[in-house]
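Welcome, and thanks for taking a look at this one with us. Please open the sequence and the model side by side before reading on.

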Amino acid sequence: MPRGGFERLAERGSYLAASPLFFSVCFAIVIAWALMLALGASERAITGVAGLMSALTLILVALIKNAELRAELALQRKLDAIATSLLLDKRGEGERGERDLEEAIRIHEEL
């Protein structure tokens, strides 16, 4: 299954979300928001930072969910190929099962 631009973006988003740099940026945003609250910043500034956190969260949920779904589908396809391969091997048709399994492994590695 060919990967489009959104799938590549979702993969990069997943890697970014797992990075220490991203954690540091998010932590800094939360600290800035808490300081604004404590220091009595304007409602507009506090709402702006809170909106930034909400938007970032929503985008990351969409990207990470996409990456998770693709990985789950690839894993399921690989498990189906293993089951098919075992069944075909038991029936004496091992070559076809091996080809299916090799294709499933290749697809999983592409994701």
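Here is a short briefing on the fold, the helices, an aromatic pair with its surroundings, and two residues of interest.

This is a predicted model, so please read every value below as computed from it. The chain has 4 helices and 0 strands, and its elements run α-α-α-α from the N terminus on.

**The chain as a whole**

- Of the 111 residues in the chain, 20% count as buried.
- The accessible surface adds up to about 8100 Å², and carbon and sulfur atoms account for 66% of that area.
- If you take the contacts between residues at least 6 apart in sequence, 60% of them join residues at least 24 apart.

**Helices H2 and H3**

- Helix H2 covers residues 20-39. H2 has 20 residues and reaches 28 Å from its first C-alpha to its last, close to the 28 Å expected at 1.5 Å a residue.
- Just after H2 comes Gly 40, which has a positive phi, near 75°.
- Helix H3 takes in residues 43-91. With 49 residues at 1.5 Å each, H3 should span 72 Å, and the 71 Å between its end C-alpha atoms agrees with that.
- H3, too, is followed by a glycine: Gly 92 has a positive phi, near 90°.

**The aromatic pair in H2**

- The structure holds 1 aromatic pair. It is formed by Phe 23 and Phe 27, whose ring centres are 5.9 Å apart and whose planes meet at 20°, so the pair counts as stacked. The cut-off behind that label is an angle under 30 degrees between the planes.
- Where do Phe 23 and Phe 27 sit relative to each other in the helix? They are 4 residues apart in H2, which means a separation of about one helical turn.
- An α-helix has 3.6 residues a turn, so residues three or four places apart point the same way.
- Are Phe 23 and Phe 27 buried or exposed? Phe 23 is exposed, because its relative accessible area of 56% is over the 50% cut-off. Phe 27 is partly exposed, with a relative accessible area of 49%.

**A nonpolar surface patch**

- Both rings also belong to a nonpolar patch on the surface, made up of Phe 23, Phe 27, Ile 31, Leu 35 and Leu 39. Together these residues have about 560 Å² of accessible area.
- Leu 35, one of the patch members, lies in helix H2. Leu 35 is partly exposed, with a relative accessible area of 47%.

**Asn 66 and Ala 67 in H3**

- Asn 66 lies in helix H3. Asn 66 is buried, because its relative accessible area of 16% is under the 20% cut-off.
- Which residues does Asn 66 contact, leaving aside its neighbours within four places in sequence? They are Phe 6, Glu 7 and Ala 10.
- Ala 67 is in helix H3 as well, and Ala 67 is buried, with a relative accessible area of 15%.
- Not counting residues up to four places away in sequence, Ala 67 touches Ala 10 and Ser 14. Ala 10 is thus a contact of Asn 66 and of Ala 67.
- Ala 67 and Arg 12 are 55 residues apart in sequence, while their C-alpha atoms are 9.3 Å apart in space.

Definitions and conventions. Residues are numbered from 1 along each chain as its sequence is written. This is a predicted model: local features need pLDDT of at least 70, side-chain atom pairs count only at pLDDT 80 or more; totals for chains, interfaces and linings use all residues. Side-chain values use heavy atoms; hydrogens and water are left out. Helices (H or I, at least four residues) and strands (E, at least two) are DSSP runs, numbered from the N terminus. Buried means under 20% relative accessible area, exposed over 50%, partly exposed in between (1.4 Å probe, protein chains only). Contact means heavy atoms within 4.5 Å. Accessible areas come from the Shrake-Rupley method with a 1.4 Å probe; for residues, only the protein chains shown count as cover. Rings of Phe, Tyr and Trp (its six-membered ring) pair if their centres lie within 6.5 Å; planes under 30 degrees apart count as stacked, over 60 as edge-to-face and the rest as tilted. Patches are made of residues with over 30% relative accessible area and no salt bridge: like charges are joined within 9 Å, nonpolar side chains (Val, Leu, Ile, Met, Phe, Trp, Tyr) within 5 Å. A salt bridge is a side-chain nitrogen of Lys or Arg within 4 Å of a carboxyl oxygen of Asp or Glu. The expected span of a helix is 1.5 Å times one less than its number of residues.
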